[in-house]
Amino acid sequence: MNIKKISAAVFLLSLAGAVLAEAPYPEDTKFVSTKTRAEVIAELAQARANGELPINDVSYPDKAIVTAPVSTKTRAQVLEELKQYQQAHANPGDADMMFLR
C-alpha cells in the first residue's frame, strides 16, 4: 500500500477517536431524600420482619426468599431407601460401584 493512504487512514481513525471522546457526559443530579434516617431504619426493620429482604446475591432483587426444606425422614430411613434403590437398579458389572451393600 501507499504510505500516504496508510497515514491518512491512521489520521482519520485518530480523528474519529478524538471526536467520540468529546461527547458530552450527562450531568450528575443531586439526590434529595424525602425520608429521615429513622424512617429508613424503621422500614428496613419492617422488611426484615416480613421476610422481604434477599438472603444472598442469587435471590437479589425480586426472587422470593426460599427456606430450606424440612426433612420428615431420619438418616436411617434415607440410607435404607438408598440400599433398596441400589439393589433394584444394580448391574452385575457395576458391583464395585455400589456405595452401600
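This is a short walk through the structure shown above, from its overall layout to a few of its side chains.

Let us begin with the whole chain. The model is predicted, and the mean pLDDT of the protein chain is 76, with 67% of its residues reaching 70 or more. It helps to keep one rule in mind as you look around: where pLDDT is low, the predicted coordinates should not be read in detail. Among the elements, helix H1 has the lowest mean pLDDT, at 76, while helix H3, covering residues 75–88, has the highest, at 92.

The layout itself is simple to follow. The protein chain has three helices and zero strands, and from the N terminus on its elements run α-α-α. How many of the 101 residues count as buried? The share is 3%. The protein chain exposes about 10,000 Å², and carbon and sulfur atoms supply 61% of that area.

Now turn to the first helix on our route. Helix H1 takes in residues 3–21, and valine 10 has its place there. Is valine 10 buried or exposed? Its relative accessible area is 52%, and because exposed means over 50%, valine 10 counts as exposed. Valine 10 also has company: together with Ile3 and Ile6, Val10 forms a nonpolar patch on the surface, and the accessible area of these residues together is about 290 Å².

Next comes helix H2, residues 37–50, which offers a little check on geometry. Its 14 residues, at 1.5 Å a residue, should span 20 Å, and the C-alpha atoms at its ends are indeed 20 Å apart, so the expected span and the model agree. Just after H2 you will find glycine 51, which takes a positive phi of about 75°.

What about charged side chains? Side chains of opposite charge can pair when their charged atoms come close. A search of the whole structure finds two salt bridges. In one of them, lysine 35 meets glutamate 43, with 2.6 Å from N to O. Lysine 35 has a relative accessibility of 40% and so counts as partly exposed; glutamate 43, at 42%, is partly exposed as well.

Another salt bridge joins the side chains of lysine 73 and glutamate 81, with an N to O distance of 2.5 Å. Where does lysine 73 sit? Its place is in the loop between H2 and H3. Leaving aside neighbours within four places in sequence, which residues is lysine 73 in contact with? They are Val78 and Glu81, the latter being its salt-bridge partner. Lysine 73 is partly exposed, with a relative accessible area of 41%, and glutamate 81 is partly exposed too, at 40%.

To gather the picture: you have seen a chain with three helices and zero strands, a nonpolar surface patch made of Ile3, Ile6 and Val10, and two salt bridges.

Conventions. Residues numbered from 1 in each chain as written. Predicted model: local features only at pLDDT ≥ 70, side-chain atom pairs only at ≥ 80, totals over all residues. Heavy atoms only, no water. Patch = residues over 30% accessible without salt bridge, like charges linked within 9 Å, V, L, I, M, F, W, Y side chains within 5 Å. Areas by Shrake-Rupley, 256 points an atom, 1.4 Å probe, with all protein chains shown as cover. Salt bridge = Lys/Arg side-chain N within 4 Å of Asp/Glu carboxyl O. Helix = DSSP H or I, 4+ residues; strand = E, 2+ residues; numbered from the N terminus. Buried < 20%, exposed > 50% of the residue type's maximum accessible area, 1.4 Å probe, protein only. Expected span 1.5 Å × (residues − 1). pLDDT = per-residue confidence, 0-100. Contact = heavy atoms within 4.5 Å.
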